[in-house]
Amino acid sequence: MIAEIGLAFLWLAGALAIGQLFMGVLALRNGDGQGAAYASAIRPTAILQGLLVSLSFICLIWLFMVTDLSVKLVATHSHSLKPMLYKFAGSWGNHEGSMLLWVSIMAASGALVALLEKRISERMMIATLAGQAFVSIGFYAFILLSSNPFERLSPVPLEGNGLNPLLQDPGLSFHPPTLYFGYVGLSIAFSFAVGALITREVGPAFARAMRPWVLGAWIFLTLGITAGSYWAYYELGWGGWWFWDPVENASLMPWLAATALLHSVTVLASRGALKAWTVMLAVVAFSMSMVGTFLVRSGILTSVHAFAVDPERGTFILILLAVYIGGAMALFGLRANTVTEGAKFQIVSRETALVANNVLLMALLAIVLMGTLYPLVTEAMGEQVSVGPPYFNPVSAIFFVPMLIVMAVGPMLRWRKDSLQRVTTAMAISAMTAALALLALVIFAPDAGLLPSIGLILAAGLAIASLYPLWKRNLRRTPLPTYGMVLAHLGVAVSLAGMATESAFTTERLVASQVGESHEVAGWTVTLEGIEPVAGPNWTALAARVSAKSGDKVVMLEPQSRNFVKPFTNTSEAALHTQWFGGQLYAVLGEQAADGRWQLRLWWKPFVHFIWLGGLLIGFGGLLSLIGRLVQVRRRPVKAEHGSADPAMA
């Protein structure tokens with residue numbers, strides 16, 4: 001009965017989305033009188049829609065928690081012996097459940113917009129909610145017509161198939177939802193942009209209303225990508241943190257577009273400039289989230305991350321992408337002449353730096369998009385081509401390097417008009433720090449490699465430059481968004497340093513070891529002390545007891561080779577030891593050879609954890625900025641009419 005209730009809630013929510021769209025259209029067309037009645041009903045409709053679809057998703061979670069094997073999705077992706085955490089998170093660890101999570105977050109976000117947003121005109125609010133309903137309808141149709149998560153199964157099996165063992169990790173409870181929150185935040189930004197174009201109200205008020213959603217989406221995408229990278233790093237046992245996998249790129253592309261949009265919406269909100277840029281980037285950012293959805297769910301990719309489903313569903317998503325993005329582009333073309341130029345600024349100004357940053361981000365996005373789609377195009381033409389780090393690393397560096405330089409200099413500049421002479425000292429200090437890093441590399445690490453050396457040099461300069469906005473300021477009176485910007489830019493420098501050191505200085509050893517035999521790796525003496533069987537809740541394993549000694553310090557590692565029965569799969573569970581001011585020792589247990597030796601793969605990765613530490617700093621910086629913006633809104637409410645350009649609200 002729970003499944004039928006969940007499906008009924010989903011159908012009702014879809015019907016309300018259709019009603020919300022038509023109410024929005026009629027309210028915009030009829031104006032006063034009858035239009036006012038539709039206008040007054042659209043907010044409650046959006047709130048009720050969000051409530052119903054959330055209840056539908058709660059029903060699905062309940063079905064997984066009790067392992068109701070009469071539901072096809074549960075029987076296919078769960079098992080009665082599975083730990084409770086993975087029963088809960090397994091509700092979205094599949095195609096149908098993940099799409100229901102997507103539409104639940106989308107509807108709940110639309111409800112929050114209807115409930116809380118007071119800073120834009122009522123007409124623009126109606127257009128925005130109608131645009132959000134238009135986006136939601138396609139996803140409701142997709143779920144109800146081709147991906148029903150509540151489909152019953154007859155006869156009922158005695159046991160379920162279980163969850164993919166690679167997904168049976170705490171990362172499943174964090175990584176997908178954070179990415180989905182990011183994607184859906186971009187859909188809200190897209191709806192705001194559509195609403196602004198329809199009502200011809202592209203201005204600071206629109207930007208201030210949209211900015212928290214863009215910032216929230218960017219924070220979630222940052223944390224989701226960071227968590228996904230670390231999850232793959234320790235779970236897959238390959239010792240890598242980024243593989244340029246097409247599905248990894250599918251989350252990176254929206255993040256690049258969201259980063260550009262965040263910069264652009266900040267300029268529009270604070271200075272009334274970059275109006276067309278902001279609207280266009282909102283469309284591009286949501287387009288990239290749709291492209292990512294298509295790649296993951298179309299069945300055209302083979303990836304440990306992808307939900308490979310039948311091509312018909314991929315065609316459905318492709319049609320949605322064409323309708324949404326094609327429609328938005330057509331609307332932008334029709335209304336482009338109504339989007340005024342906005343406030344002007346001089347060539348040497350913070351606005352110019354942000355525009356340059358956005359252009360470089362879009363170039364990076366184009367590189368990643370082409371590298372991701374090119375193999376698919378060639379495969380469709382009968383030729384298989386692999387595109388990986390030899391393409392992505394050097395080609396992206398062409399634009400990534402100048403982008404980091406602009407990132408270092410931009411926050412030093414004033415809005416609208418400035419001179420380079422004023423910031424000469426600050427730039428000189430950053431340049432001197434970078435030069436010292438170069439000198440240290442020449443003396444102590446001449447074989448570090450070109451790209452890692454460039455990365456370390458730029459990381460040193462950017463780290464110092466990122467602190468400049470706090471120079472000579474009263475730190476107690478400094479706004480939270482300024483602290484957020486500083487932390488986010490500093491996080492980029494920390495991540496870059498981690499990437500560069502890992503690439504330049506990693507030591508790897510693959511050994512065949514007898515029990516009691518020792519091996520050397522980067523100053524560590526590693527000894528295989530023994531192998532013993534271990535039993536988990538739904539798996540068995542062989543666990544290696546490995547001692548690692550460096551000087552007087554001895555640590556124990558226990559890498560495992562696990563076997564799952566439902567479904568039958570063998571996985572490697574890496575063991576890691578982290579020294580926060582040193583690096584990470586990484587051990588993986590392989591198979592036993594005929595002569596009784598065990599394969600051990602050992603890595604020493606200096607400062608590799610800085611990659612994820614930097615990602616957390618970036619996300620925390622975004623969170624501080626978001627809190628600061630919301631506090632400013634609470635203290636200084638902005639009138640909706642045409643939007644004030646009060647700099648304090650920027």
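An angle between two helices is taken here between their N-to-C directions and runs from 0 to 180 degrees, each axis being a line fitted to C-alpha atoms over the stretch in contact. With that in mind, and remembering that the model is predicted, the tour can begin at a helix pair.

**Helix 8 and helix 9**

Select residues 204-235, which form helix 8, together with residues 246-271, which form helix 9; the two axes come within 9 Å and cross at roughly 150 degrees. Angles over 145 degrees count as roughly antiparallel, and helix 8 and helix 9 are therefore roughly antiparallel to each other. Their crossing is left-handed. To see the contact itself, show the side chains of helix 8 residues including Phe206, Met210, Leu215, Trp218 and Ile225, and on helix 9 those including Leu252, Trp255, Leu262, Val265 and Leu268. Colouring the residues of this contact by type should give 18 nonpolar, four polar and two charged.

Stay on helix 8 for a moment and pick Pro204, which belongs to this helix and also takes part in the contact with helix 9. Pro204 counts as buried, because its relative accessibility is 11%. If you draw a distance from the C-alpha of Pro204 to that of Ser513, it should read 66 Å, across a separation of 309 residues in sequence.

**The nonpolar cores**

Next, select Phe139, Phe192, Phe206, Met210 and Trp218, which are the residues with the most contacts inside the largest nonpolar core, a set of 162 residues. Helix 8 supplies the largest share of this core, with 15 residues. Apart from it lies another core, made of 18 residues, and Trp524, Leu557, Ala587 and Leu602 are among them.

Which residues surround Phe192, once its neighbours within four places in sequence are left aside? Centre the view on Phe192 and you will find Val113, Glu117, Ile120, Met124 and Thr128 in contact with it, along with Phe206, Ala209, Met210 and Trp213.

**Helix 1 and helix 6**

Now move to helix 1, residues 2-30, and helix 6, residues 122-146, which pack at an angle of about 145 degrees with their axes 8 Å apart. Here too the crossing is described by its hand, and helix 1 passes helix 6 in a left-handed crossing. From helix 1, the residues to display include Leu7, Trp11, Ile18, Leu21 and Leu28, while helix 6 brings residues including Ile126, Leu129, Phe134, Ile137 and Tyr140. The contact of helix 1 with helix 6 divides into 19 nonpolar residues, three polar and one charged.

**Helix 12 and helix 13**

Select residues 350-380 for helix 12 and residues 389-409 for helix 13, whose axes are 9 Å apart and whose packing angle is about 170 degrees. That angle makes helix 12 roughly antiparallel to helix 13. Between them, Leu360, Leu364, Ile367 and Met370 are among the helix 12 residues that meet helix 13, where Phe392, Phe399, Phe400 and Met403 are among the partners. The residues of this contact divide into 18 nonpolar, four polar and no charged.

**Ser430**

Go on to Ser430, which is found in helix 14, residues 424-444. Is Ser430 buried or exposed? At 8% relative accessibility, Ser430 counts as buried. Not counting residues up to four places away in sequence, Ser430 touches Met412, Gly461, Ile464 and Ala465.

**Loops and backbone details**

Select Gly523, in the loop between strand 2 (518-521) and strand 3 (524-535), where a relative accessible area of 55% makes Gly523 exposed. The C-alpha of Gly523 lies 8.5 Å from that of Lys549, although the two are 26 residues apart in sequence. Leaving out residues up to four places away in sequence, Gly523 touches Lys549 and Ser550.

The last stops concern the backbone. Most residues other than glycine have a negative phi, and most peptide bonds are trans. Show the peptide bond between Ser154 and Pro155, which is cis, with omega at about 0 degrees; Pro155 lies in the loop between helix 6 and helix 7 (175-199). Then select Arg200, in the loop between helix 7 and helix 8, where phi is near 60 degrees, a positive value in a residue other than glycine. Finish at Lys472, in the loop between helix 15 (450-466) and helix 16 (480-505), which has a positive phi near 60 degrees and is exposed, with a relative accessible area of 76%.

Notes
Residues numbered from 1 in each chain as written. Predicted model: local features only at pLDDT ≥ 70, side-chain atom pairs only at ≥ 80, totals over all residues. Heavy atoms only, no water. Core = buried A, V, L, I, M, F, W, Y, C linked by side-chain atoms within 4.5 Å. Buried < 20%, exposed > 50% of the residue type's maximum accessible area, 1.4 Å probe, protein only. Helix = DSSP H or I, 4+ residues; strand = E, 2+ residues; numbered from the N terminus. Contact = heavy atoms within 4.5 Å. Parallel < 35°, antiparallel > 145°, perpendicular 65-115°, else oblique. Left-handed = near helix turned anticlockwise from the far one by under 90°. Nonpolar A, V, L, I, M, F, W, Y, C, P; charged D, E, K, R; others polar.
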